[in-house]
Amino acid sequence: MEAPSKTLRTCVNGHRYYKSSDCPSCPICENERKPADGFLSLLAAPARRALEHRGITTLQELSTYREKEIAALHGMGPKSIPILRAALEEQGLSFAK
């Protein structure tokens, strides 16, 4: 099976990058948007975007959701849930029951 070829793209901010997938996100913009600290900084970009898209930007907001709901979000990978669970526990919080 042949690997998909990468195409040169330019984002709305003028960054030029190569990408082989249909994903429209610019990796340079994503890197610039990544928080320096906090629980969102621990996540991969797709998982972070999934939470941000739902308006979840604090652990208190995250704790109002069931783990199953968060795991079902598009972009939430298998590594993300343990990271989120640990971040919640560190603050004395947990996913909703």
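**A tour from helix H2 to the cysteines**

Begin by selecting helix H2: the cover over its buried residues includes H1, H3, helix H4 (67-71) and helix H5 (80-90). The model on screen is a predicted one. Next, display the side chains of Ala47, Arg48, Ala50 and Leu51, which are the buried residues of H2. Turn the view until it runs down the axis of H2; the buried residues fall within an arc of 160°, so they line one face of the helix.

Follow the chain out of H2. Which sign does phi take at glycine 55? Select glycine 55, just after H2, and the backbone shows a positive phi of about 80°.

Now select arginine 54, which sits in the loop that joins helix H2 (45-53) to helix H3 (59-62). Arginine 54 has a relative accessibility of 41% and therefore counts as partly exposed. Which residues does arginine 54 touch, not counting those up to four places away in sequence? Add Tyr65 and Leu73 to the selection, since these are the residues touched. For a longer view, draw a distance from the C-alpha of arginine 54 to the C-alpha of alanine 96: the two residues are 16 Å apart in space and 42 residues apart in sequence.

Move next to serine 25, in the loop between strand S2 (16-19) and helix H1 (27-33). Is serine 25 buried or exposed? Its relative accessibility is 16%, so serine 25 counts as buried. To see its surroundings, select Tyr17, Lys19, Glu30 and Arg49, with which serine 25 is in contact once neighbours within four places in sequence are left aside.

The last stop concerns the cysteines. Select cysteine 26, which is buried, with a relative accessible area of 5%. How far is the sulfur of cysteine 26 from the closest cysteine sulfur? That sulfur belongs to cysteine 29 and lies 3.7 Å away, which is too far for a bond, because a disulfide requires the two sulfur atoms to be within 2.5 Å.

Select cysteine 29 in turn. At 15% relative accessibility, cysteine 29 also counts as buried. The closest cysteine sulfur to that of cysteine 29 is in cysteine 11, at 3.7 Å, again too far for a bond. How many disulfides does the rule give? The count is 0 disulfides.

Terms used. Residues numbered from 1 in each chain as written. Predicted model: local features only at pLDDT ≥ 70, side-chain atom pairs only at ≥ 80, totals over all residues. Heavy atoms only, no water. Helix = DSSP H or I, 4+ residues; strand = E, 2+ residues; numbered from the N terminus. Buried < 20%, exposed > 50% of the residue type's maximum accessible area, 1.4 Å probe, protein only. Contact = heavy atoms within 4.5 Å. Arc of directions from axis to C-beta.
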